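Dear colleague,

I am handing over the structure below, and my notes on it follow. Please read them with the model open beside you.

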Amino acid sequence: MAHTFHIPVLGLGFSIDTPLKVARYGITSTVSIVDDELVERMRQFHCMQEALDYMPIHKNEPDSRARRITAYLNLLDQLVQEQMKKIRSQPVGMGHDIDRYFDLLPPSSTLKHGYELMKEYPDCESKMIFQRLLASRIAAGRIDVNIMSKVDKMNFDADGQYTGDENTDALAALRGFANSTLRSAIVLSAGMNPKLYSYLERFPDFFPDEHGEIKKTVILKVSDLRSALIQAKFLAKKGIWVSEFRIESGLNCGGHAFATEGLLLGPILEEFKLKRTSMRDELYDMYRAALTLKGLSCDEAPVQRISVQGGIGTAAEDEFLMKRYGLDGTGWGSPFLLVPEATNVDQQTLERLAESGCDDHYVSDASPLGVLFNNFRGSSIEHQRLARIESGRPGSPCTKKYLCTNTEFTEHPICTASRQYQQLKIDQLEKLELAETDRLQRFQAITEKTCLCEGLCASAYIKNDMLKPRESSAVAVCPGPNLAYFKRIYKLEEMVKHIYGQIDLMKNVERPDLFINELNIYIEHLRKDIERHLTSWTEKKEKYLLKFKDQLQAGIAYYKVLIPQIADEASTHAKRMWEDLSRSEEHLNALHLDIGS
């Protein structure tokens with residue numbers, strides 16, 4: 001790969017066409033395919049931009065969801081290949097995209113070194129040959145695709161008949177990717193879905209060809225080694241190889257947040273480092289046996305990368321993670337929301353994000369999935385949510401229905417962010433004889449749910465002037481808390497060079513170390529969890545919270561050993577870490593006074 005970092009999936013619409021903006025510079029990015037309506041509209045938009053014929057795939061057509069996804073991914077593939085063909089034909093040294101490609105490469109890149117050497121050559125035939133050789137070596141960044149495994153709504157036809165397991169949302173999306181022309185990876189996130197994982201077996205592109213190459217690979221986004229191994233074994237036994245474990249901080253990340261039971265990123269990475277080889281060998285034995293049963297072979301274990309993402313903010317942190325834990329790459333997501341060249345963020349949201357502080361970013365219960373969600377107080381959808389409550393009409397019109405999972409009041413699932421559900425739930429609440437503080441708390445919990453299906457797409461529609469009449473313009477955005485330390489809007493060059501340590505975008509910004517920042521977020525999460533259960537304490541909950549606290553204390557002990565090992569890039573940095581760690585430990589120890597009281 002040309003770069004040592006990738007851009008993870010960002011919401012639904014923020015990175016929906018990021019490959020068209022960065023792949024030609026060798027940067028890999030990830031596209032969400034949850035919303036096939038967004039996918040279809042973006043296909044129409046880019047066909048118009050490129051003067052290509054557009055044949056719509058209507059929602060009521062057979063297998064429309066999978067076909068829409070295939071058509072869009074094929075278009076991205078086609079356009080990126082055309083971009084690369086154009087770049088390779090450009091003269092070097094004239095300020096074209098080919099020069100930008102080499103300029104953005106990491107300082108350690110041998111290809112970049114060759115480019116710098118070529119520029120010193122005098123104008124002659126040898127220089128021309130050198131230029132052509134360099135041009136032939138450039139490669140596009142991958143167009144990876146993300147599926148949240150458990151966002152797998154069942155679908156019904158006009159007569160109310162179930163359309164079958166293969167037409168649930170996640171399986172149809174996978175089929176759309178599998179049938180595309182892409183040579184890239186499917187990123188499976190948000191836990192294991194056995195039905196979806198088993199469906200991978202249906203598509204030849206996930207198996208090695210006669211040369212041992214796998215056209216479409218699998219990446220698992222995981223939060224710890226145990227869950228990674230469980231999922232990878234399940235797949236290996238079916239002849240599916242996990243080409244990358246993408247470790248993500250449980251809470252110090254963007255989008256949905258899956259808090260571990262107090263396991264911190266440092267100890268998690270240490271365990272992956274120590275057990276990486278034995279894990280790969282164990283998986284390979286299962287994988288090879290499964291392939292043999294299918295009449296396939298694989299003479300040696302395929303490449304298995306390990307990367308990390310969530311809260312990385314400086315080049316020093318990036319370099320430390322890569323070297324200390326032997327990682328193959330890092331993910332930089334939320335900071336690219338402030339790079340208009342790379343992502344779809346409307347101007348109003350962009351400016352609010354650039355001006356935001358730490359208090360503007362918080363972990364919420366806004367997601368209808370019932371999973372913690374990193375939220376932003378300055379988002380227009382938050383203002384809309386509060387205005388609807390004020391007017392006596394809480395909840396959203398549910399038009400897309402991707403997150404319909406609740407059957408408390410209805411036969412078919414509905415969304416907990418919908419006006420229908422929230423009104424039914426509030427009616428139920430009003431019939432209970434509750435103290436006012438309890439009633440208000442429950443009311444707030446009901447109405448906190450927000451429509452993410454529309455909110456996470458709106459920014460892409462606004463920025464590209466695609467918003468339809470009467471369509472909601474309220475934007476939901478879900479950056480990780482680390483974004484608060486990035487203080488303005490950036491050019492692509494600035495962000496990439498910041499990642500590689502060529503410039504410092506945080507020169508005068510007070511920011512705790514990545515590990516300390518995550519620790520503090522976890523301590524605050526524990527404090528809130530204790531507070532939330534003070535009036536409904538159970539032995540089971542106490543056992544969980546004590547284990548959570550013990551894990552955090554084990555993490556602190558690990559960091560006490562780690563800090564002296566950190567390279568003396570700045571002893572002041574190590575001293576600052578010590579001081580911050582001591583304060584965090586004090587805050588954690590103080591929480592024992594609340595437990596069980």
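**Strand 4 and its neighbours**

Ile-186 in strand 4 stands opposite Val-218 in strand 5 (residues 217-222), and four bridges join these two strands, which run parallel (strands are DSSP runs of E with at least two residues, helices runs of H or I with at least four, both numbered from the N terminus; two strands pair if DSSP finds at least two bridges between them). This is a predicted model, in which local features need pLDDT of at least 70 and side-chain atom pairs count only at pLDDT 80 or more, whereas totals for chains, interfaces and linings use all residues. Residues are numbered from 1 along each chain as its sequence is written, and side-chain values use heavy atoms, with hydrogens and water left out.

Strand 3 (residues 143-148) is also parallel to strand 4 and is joined to it by four bridges, with Val-145 opposite Ile-186.

Five of the five residues of strand 4 (residues 185-189) are buried, so this strand is largely enclosed by the rest of the structure (buried means under 20% relative accessible area, exposed over 50%, partly exposed in between, with a 1.4 Å probe and protein chains only). Ala-185, Val-187 and Ser-189 point one way, while Ile-186 and Leu-188 point the other.

**A helix contact**

Elsewhere, Leu-265, Gly-266, Pro-267 and Glu-270 in helix 10 meet Gly-555, Tyr-558 and Tyr-559 in helix 19, where contact means heavy atoms within 4.5 Å.

Best wishes
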